[in-house]
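Colleague: I am new to this one, so could you walk me through it with a few questions and answers?
Modeller: Gladly; have a look first, and then ask away.

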Amino acid sequence: MRILGIESSCDDTAGAVVEDGRQLIVAERLSSSSLQRRFGGIVPEVAAREHTLAVLPVVAGLMESAKLDQSDIDAVAVTQGPGLIGALLVGVTFAKALALAWHKPLIGVHHLEAHMYVNALVEPIQFPALVLVVSGGHTSLVYWRDHGDLTVLGSTRDDAAGEAFDKGARILGLSYPGGPEIEKLAATAPSEVLFSLPVARLEAGSLDFSFSGVKTAFSALVKAHSEARAECAKALEDAIVEALCRNLNMAYEHYPVHQVYLAGGVAANTRLQERVREWGRCHGVAVHVPPREYCTDNGAMVAAAGYYRYRLGYAMSMADGPLTPWPLQNVSIKGG
Ligand code: KG4
Ligand code: ZN
């Protein structure tokens, strides 16, 4: 079954065709991030306007480059939420029009579940698993029992992990998106630890995250040590990675799985990958990391998630619109 996936929840307009949720046939992506860079972050109106310009060229372009026509596509999947409402509307409306014109089923996909399913493009998902879903808008720790059956164990109470990288980069005068910039700068710091930032501790037993405190502490650190930018960037990266690894380890104590998956834009971070892999080796847990280009928003993850959603009997009606907010827990058919 070939599914065309369309993603437009933030600043990437992306499309891809994936066969049986596993095999990528073609993908295309246009990002408005260089335009957003001028504003130091994402301006929702700008993102929505850019999607309206990009969505047709992206989808027509990928179909043409793979020499596909509508008869080669079995269903259309689209990110239904969560995300920026104006941005989502563009993708959802475009996908509805395509499904209607091509007489294909339409599948609405949850953006974070799509990030998780990008791992299925590498090898079949092995259940049960713990997943760290770390993106610019969300940070969640998930126990993934089976397709359509997950429990969200913890989420961020304030900023997302990616947002903490982005805000930190802005404090250092680096460009958007900030994660890769912080990573590059931190890599130039000497290996010995010069500074450390506090990692928030919430009430005992909580697997939630909080990154707003680290941002405030980082701002003060940069003010006090403006000559040591790389060391500051390293301290921020270490604090964010430490918070993610600490909660993963706490979750593992209750859910001793053999598989851990990383997903979302922040999963591209090398330090995070190294730390989780190291942890996995110590605990005999297989750690799966998506290829770097599939950590950030893309169409393939939507097509892959759409396939499994469709197999579970989910379809989106023409009367449905974008869903935002849309708690990840609600995609679970078993209700966690
Ligand atoms: O998943 P994504 O493309 O979009 C959302 O769903 O939000 O994630 C984008 C986020 C941004 O905050 C960006 O700074 C972060 O992922 N990111 C990284 C890296 N690459 C992207 N953060 C840390 N290290 C990276 N290498
Ligand atoms: Zn995303």
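Modeller: Let us begin with a turn between two strands, keeping in mind that this is a predicted model. Asp20 sits in the loop between strand E2 (12-19) and strand E3 (23-31).

Colleague: What is the phi of Asp20?
Modeller: Asp20 is not a glycine, and yet its phi is positive. It lies in the loop between E2 and E3, where its relative accessibility of 33% makes it count as partly exposed. Its phi is about 50°.

Colleague: Lys67 also caught my eye; is it buried or exposed?
Modeller: Lys67 belongs to the loop between helix H2 (44-65) and strand E4 (75-81). This residue other than glycine has a positive phi, near 55°. Exposed means over 50% relative accessible area. Lys67 has a relative accessibility of 74%, so it counts as exposed.

Colleague: Which protein residues are donors of the zinc ion (ligand 2)?
Modeller: The spacing of the donor residues in sequence is H-x3-H-x181-D. One pair links distant parts of the chain, 186 residues apart: a residue in helix H4 (residues 111-117) and another in the loop between strand E10 (286-288) and helix H10 (299-311). The donors lie 2.0 to 2.1 Å from the ion, and they are His111 (NE2), His115 (NE2) and Asp297 (OD).

Colleague: Are His111 and Asp297 buried or exposed?
Modeller: The cut-off for buried is under 20% relative accessible area. His111 has a relative accessible area of 5%, so it is buried. With a relative accessible area of 10%, Asp297 is buried.

Colleague: Now to the helices: how are H5 and H7 oriented to each other?
Modeller: The axes of helix H5 (residues 161-171) and helix H7 (residues 212-224) come within 10 Å and cross at roughly 20°. Angles under 35 degrees count as roughly parallel. H5 and H7 are therefore roughly parallel to each other.

Colleague: Which residues make the contact of H5 with H7?
Modeller: The crossing of these two helices is right-handed. Lys167, Gly168 and Ile171 of H5 meet Lys215, Phe218, Ser219 and Val222 of H7. By class, this contact of H5 with H7 has three nonpolar, two polar and two charged residues.

Colleague: How many nonpolar residues are in the contact of H8 with H9?
Modeller: Helix H8 (residues 229-254) and helix H9 (residues 270-283) pack at an angle of about 30°, with their axes 10 Å apart. That angle makes H8 roughly parallel to H9, and the crossing is right-handed. Among the contact residues are Val241, Leu244 and Leu248 of H8 and Leu272, Val276 and Trp279 of H9. Alongside two polar and five charged residues, the number of nonpolar ones is eight.

Colleague: What about H6 and H8; how is H6 oriented to H8?
Modeller: H6 and H8 pack with their axes 8 Å apart, at an angle of about 120°. That angle makes the orientation of H6 to H8 oblique.

Colleague: What is the handedness of the crossing in which H6 passes H8, and which residues make the contact?
Modeller: H6 passes H8 in a left-handed crossing. The residues in contact are Ile182, Glu183, Leu185 and Ala186 of H6 and Arg229, Ala230, Ala233, Lys234, Leu236 and Glu237 of H8. They divide into six nonpolar, no polar and four charged residues.

Colleague: Where are the cis peptide bonds that join Tyr176 and Thr324 to a proline?
Modeller: Pro177 lies in the loop between H5 and H6, and Pro325 has its place in the segment after H10. Omega is about -5° for the cis bond joining Tyr176 and Pro177. For the cis bond with omega about 5°, the residues joined are Thr324 and Pro325.

Colleague: One last residue: which ones is Pro105 in contact with, leaving aside its neighbours within four places in sequence?
Modeller: Pro105 lies in the loop between helix H3 (85-102) and strand E5 (106-110). Its relative accessibility is 27%, so Pro105 counts as partly exposed. Beyond those sequence neighbours, its contacts are Asp74, Ala75, Val76, Ala99 and Tyr310.

Technical notes: Residues numbered from 1 in each chain as written. Chains lettered and ligands numbered in written order. Predicted model: local features only at pLDDT ≥ 70, side-chain atom pairs only at ≥ 80, totals over all residues. Heavy atoms only, no water. Donors = N, O, S within 2.8 Å, 3.2 Å for Na, K, Ca; no water. Helix = DSSP H or I, 4+ residues; strand = E, 2+ residues; numbered from the N terminus. Buried < 20%, exposed > 50% of the residue type's maximum accessible area, 1.4 Å probe, protein only. Axes fitted to C-alpha atoms, helices over the stretch in contact; angles between N-to-C directions. Parallel < 35°, antiparallel > 145°, perpendicular 65-115°, else oblique. Left-handed = near helix turned anticlockwise from the far one by under 90°. Contact = heavy atoms within 4.5 Å. Nonpolar A, V, L, I, M, F, W, Y, C, P; charged D, E, K, R; others polar.
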